[in-house]
Amino acid sequence: RRLNVRVNIELLSISNPVHKKDLAVRLTDDTDPFFLYNLVISEEDFQSLKSQQGLLVDFSAFPQKFIDLLQQCIQEQNKDIPRFLLQLVSSAPALDHTPVSLNVVETNPFKHLTHLSLKFLPGTDAEIKKFLANCLKCLKEDKMMLEEKLKKTEEDLTRQLSYTQQNLSEKSRELDKLKNEWTSYTTALSNKHSQELTSEKERALQAQTQYQQQHEQQKKELENLHQKSIQQLQNRLSELEVINKDLTERRYKGDSTVRELKAKLSGLEDECQRAKQEVLSLRRENTTLDAECHEKEKLINQLQTRVAVLEQEIKDKDQLVTRTKEVLDATQEQKVILEESTEEKQRHIEKLETTIKSLSAELLKANEIIKKLQGDLKTLMSKLKLKNTVTIQQEKLLAEKEEKLQKEQRELQEMGQSLRMKEQEVCKLQEQLESTIQKLEESKQLLKTNENVITWLNKQLSEVQMAKKLDTPASAHGGGRAAVSPHGMPDRPSFHSSGINHPISPLYAFQNFLELTHSKSGNSQCPVPKAGTLTLVQLNSQLSKLNRCSDAHTAPAAGHPANKENGDQLGLESKYFKRKDDSIPLRGLSQNTLNSEYLRPYLPAKAQPSPKAAGTPASAYFPG
């Protein structure tokens, strides 16, 4: 069976009559108070145990090692196949006050290893009584501590309850007060809002009749402007499509040229590497030849007697020298051709390869001649002279070839720079394409917004017309007039249909202002521009000044208390007359509004706009 056992380990120090240390180990079970086994190990007992079980630990370190073994058993007690086990074995079939052995066993696939086995004796009646007395003492102390904690917590909870009940009573009183205040406040607000709603309904009905005439005029103007703007945008679209096609063709051509140049560059780089390798091989051969020359100089002193016999052979070798000179002249001519013709690089490189091959063949011939000279000691002097001349010429040729290679590398670098410039041009063209596409999308969005504005105006007009049909009997009794201030400036124009004095759009007010200034040019005190080109921003400022002058000198009509709030300008706001640089021009707006309809009859000859000014974009006055 399996049990959870408590193990207590204590070190007991005894000073009478001799100072000793004993290790006391006790086994108990929390569920069974009569389960008690004791073991006391002295230093002498430990020495015998150490020799019997082959322990390698001293008495001072034995308790800690025993605790480590117990901890490993505790760590692996929940596993299915634990590595360390703690076995309590008894000789009797049951634990009936018989000695017991406690074994610490390690399991492995081969066998069970017992690290330590200790024999425990069952506790006597006196020991069991002491153990139970200690347990009772500990339980009573715990009980006293818990009772004190309970008393403290009860006192704290009663205090908190009393405090919270007081707070609840105070909060309930405050809630009642707030509810009473809230009911009174809501009733007052409802009365105020009902009065304000009635007054605002009256104002809205008055404003509807005013807006009807304004929307009819603006609808006509906007329709004309919309048609003109659509035609201009269609023309732009066609132009941009043509430009886009040209740019795509240029891009494809540039890509093809770039690919061809890259292929040429790769071929030239391979050929340059091959030429460098051949130059290195030729230099190595020259070094070997120099070494052989030093060896043959030692033999020259012995062979001076046979020089006369070998003079005839020297003449034959002179002919070979002349032939090599002719080959060198041919290579020089090829060099001049390479410097002149930069466009035919591949052909020149092939010629250089042929010349290098011929030079290598000649070098092989020279090697054969050297071998013959080794057999014939008489021809050494002549061959040495020939070798010196040939090596000098070859070094010159190699230096010239290196210069050619450097020039070709410079040309390749220049070609690379030109390729980069072309790639930058391609990137610029792509950016231009993207900007044109963005402008197209903006123009499409403008068209959509214009269409939405027109539909909204149509809805507003239909609603106003319906309201007008309903209000015709009420508005037939009223009357209106356009008052003139004592300074000669026109007051707010009124509508004959509604009998309500309201400000209207700046274009209508400006038209009346121009008529009055045309008839009374010297009576007005408000400033009027004398000459020069006029913009809608200036006209709007003049109209605001005129409205201020007229408001200062005209009294509100009797029977219309809502005219206090009619001093605000109900036409187009000032933000629609500001210039915006990023907007798309609508050239038809300025021609219809400023030049043809309103300004030309009333401006003097100097102040009338020129044909160039007539085409100014509408975005200067109305933001996109």
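1. Lys-50 has a relative accessibility of 22% and therefore counts as partly exposed, since buried would require a value under 20%. In this predicted model, the side chain of Lys-50 meets that of Asp-58 in a salt bridge, with an N to O distance of 3.6 Å.

2. The structure holds 5 salt bridges, and one of these joins the side chains of Asp-30 and Arg-6 at 2.8 Å, N to O. This pair connects distant parts of the chain, its members being 24 residues apart. Arg-6 belongs to strand 1 (residues 6-14), whereas Asp-30 lies in the loop between strand 2 (20-28) and strand 3 (36-41).

3. The partners of that bridge also have their accessibility assigned. Asp-30 counts as exposed because its relative accessibility is 58%, while Arg-6, at 43%, counts as partly exposed.

4. A further salt bridge is formed by Glu-76 and Lys-79, whose closest N and O atoms are 3.9 Å apart. Glu-76 is buried, with a relative accessible area of 13%; Lys-79 is partly exposed, with a value of 49%.

5. Helix 2 comprises 14 residues (residues 62-75). At 1.5 Å a residue, the helix should span 20 Å, and its end C-alpha atoms are indeed 20 Å apart, so the expected and modelled spans agree.

6. Which residues of helix 2 are buried? They are Phe-62, Pro-63, Phe-66, Leu-69, Leu-70 and Cys-73. These residues cover an arc of only 125° around the axis, and therefore lie on the same side of helix 2.

Definitions and conventions: Residues are numbered from 1 along each chain as its sequence is written. This is a predicted model: local features need pLDDT of at least 70, side-chain atom pairs count only at pLDDT 80 or more; totals for chains, interfaces and linings use all residues. Side-chain values use heavy atoms; hydrogens and water are left out. Helices (H or I, at least four residues) and strands (E, at least two) are DSSP runs, numbered from the N terminus. The expected span of a helix is 1.5 Å times one less than its number of residues. Buried means under 20% relative accessible area, exposed over 50%, partly exposed in between (1.4 Å probe, protein chains only). The arc is that of the directions from the helix axis to the C-beta atoms. A salt bridge is a side-chain nitrogen of Lys or Arg within 4 Å of a carboxyl oxygen of Asp or Glu.
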